[in-house]
Amino acid sequence: MQQIQTRMEPHLFVVFGGTGDLMGRKLLPALYRLRKQNLVSKRVQILAVARDREMTDERYRSWALDQLAQSGIALNDRSKSWCSSSLHYQSVASGTAKDYQILRDRILQLEANNRLPENRLFYLALPPKALELTVTGLGESGYTDSAGWTRLVIEKPFGRDLISAAQLNIHLHQYFDETQLYRIDHYLGKETVQNLLVFRFANPIFESIWNRDRVESVHITVAEELGVGSRAGYYDSSGALRDMVQNHLTQLLCLTAMEVPASLDADAIRDEKVKVLRSIAPISSEDVVFGQYGSSRDGDNEIPGYLDEPGIAPDSRTETFVALRLEVENWRWQGVPFILRTGKRIERRLTQITVRFRCPPVHLFGAGRACSINSNELSITLQPEEGFDLHFEVKSPGQEVAMQTQRLHFRYAEAFGPLPEAYETLLLDVAVGDQTLFVRGDEVETAWRLYDPILNEEQDVHPYPAGTSGPLAAEALYRQ
Ligand code: BG6
């Protein structure tokens, strides 16, 4: 999260998983757009690494052009010339020491040909089982001894529980220093997520009511319309708690609940996030609801249930929905419930943080009744309509005192137009060495420590029809 716009200095960007989905859909388009805005030096070279022995530089460039076109980027002289001058391919067919030696030679050759200063960014866009071997391959082959900098980017999932995450950290630290590691949570690259810090710490009117005296509850929702799609292999052994809650929702929670950092240094911010995680009380299993979407109809269309999706085991109990309630036991938040929920095939796509404020202590308008007016609410919408809404009560015109909820609203799109893609922000930050928007090793372990007990317990999995708001069993949690 740079305060001054910087440009990627010359380096070699090496992507393991260079023919994969992430490279095609996110990284290549982001790199191209950054180059187009002149935020990447012309001399930055990209080396895609994958297993395919048949792939050549030429074939890779034409694959890359197809990927750019599918992301809506025009295929013109500019994009073609970028592909032919910046993209290269190297196979590490079976990941042997010899493969890594060949890769090392290729790296040295590209650096020499392009007069690059031995700055190396290794991006591991790999499935978990390939991660450890690649880290060993890189570490053992001496890639880290360079005259410039070496940085390693690791995609999620980072482990599948506390033990595996801790082992992965130990393994990484054998070869890399924590200052060289960039663990991605793409939510942190979203402009609206970064805005949470500005919103909270640059606007004292909100900060002064951001506590247990004024806040009744905090609701964090990430609802997706889409189902599991073609990712059955990964998703069925993961589920919504690992896929979304441990990382994305937990990051939103930390940014919402954290104290003011001492500075905007990466570690000052990350220290505050870890403090939030450490203050969370163990989550009781009564406060967790798992769900799984079943089939439903949308007009003439049959929407398949999770168990009917290709590649899903017919008796799978994997959760596609989680709702949970937790408490941050510190001076600011003691007693305030935080309700987190996420699900696939929910009626409407929405990522939102809603802070619900307490009702007035005495209700003047409604003679003696308990609080029946709506609470003031602040909704920070991160997607799809990025912005915020402040809901408050007004008097409806007329003789009678009747109330209506109205809202003040702000929309990013109205004020600024389209927002940059999360990956553009994150790639730029890695290349300039800013770790603020990346998850530190102790942070990821502290988050797993919180959710491990839930993962280790047998949970009921409540069915819900695709296209609804989730299982009814979760409703009681939201009413808190
Ligand atoms: C990914 C999850 O990390 O985030 C996916 O693996 C999920 O299952 C995606 O769909 C959601 O990201 P976004 O940016 O579309 O909200």
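Helices α6 and α14 cross in the left-handed sense. This is a predicted model. The briefing covers that helix pair, then the nine-stranded open sheet on which α14 packs.

**Helix pair α6 and α14**

- The axes of α6 (residues 162-175) and α14 come within 8 Å of each other and cross at roughly 165°.
- Angles over 145 degrees count as roughly antiparallel, so α6 is roughly antiparallel to α14.
- On the α6 side, the contact is made by Leu-162, Ala-165, Ala-166 and Asn-169.
- On the α14 side, Gly-441, Val-444, Glu-445, Trp-448, Arg-449 and Asp-452 take part.
- Sorted by class, the contact of α6 with α14 has five nonpolar, two polar and three charged residues.

**The sheet**

- The nine strands run in the order β16-β15-β14-β13-β7-β12-β11-β8-β17, and their pairing is mixed.
- β16 (403-411) and β17 (461-465) are the edge strands, each pairing on one side only.
- On average, neighbouring strands of this sheet are turned by 20° against each other, direction ignored.

**The β15-β16 pairing**

- Strand β15 (residues 387-395) pairs with β16 in the antiparallel sense, over nine bridges.
- Val-394 stands opposite Gln-404 in β16.

**Helix α14 on the sheet**

- Helix α14 (residues 441-456) packs on the sheet and touches β8 (288-294), β11 (321-327) and β12 (337-343).
- The direction of α14 makes about 130° with that of β11.
- Helix α14 thus has contacts with three strands of the sheet, β8, β11 and β12, and also with helix α6.

How values were computed. Residues numbered from 1 in each chain as written. Predicted model: local features only at pLDDT ≥ 70, side-chain atom pairs only at ≥ 80, totals over all residues. Heavy atoms only, no water. Pairing = 2+ DSSP bridges. Helix = DSSP H or I, 4+ residues; strand = E, 2+ residues; numbered from the N terminus. Axes fitted to C-alpha atoms, helices over the stretch in contact; angles between N-to-C directions. Contact = heavy atoms within 4.5 Å. Parallel < 35°, antiparallel > 145°, perpendicular 65-115°, else oblique. Left-handed = near helix turned anticlockwise from the far one by under 90°. Nonpolar A, V, L, I, M, F, W, Y, C, P; charged D, E, K, R; others polar.
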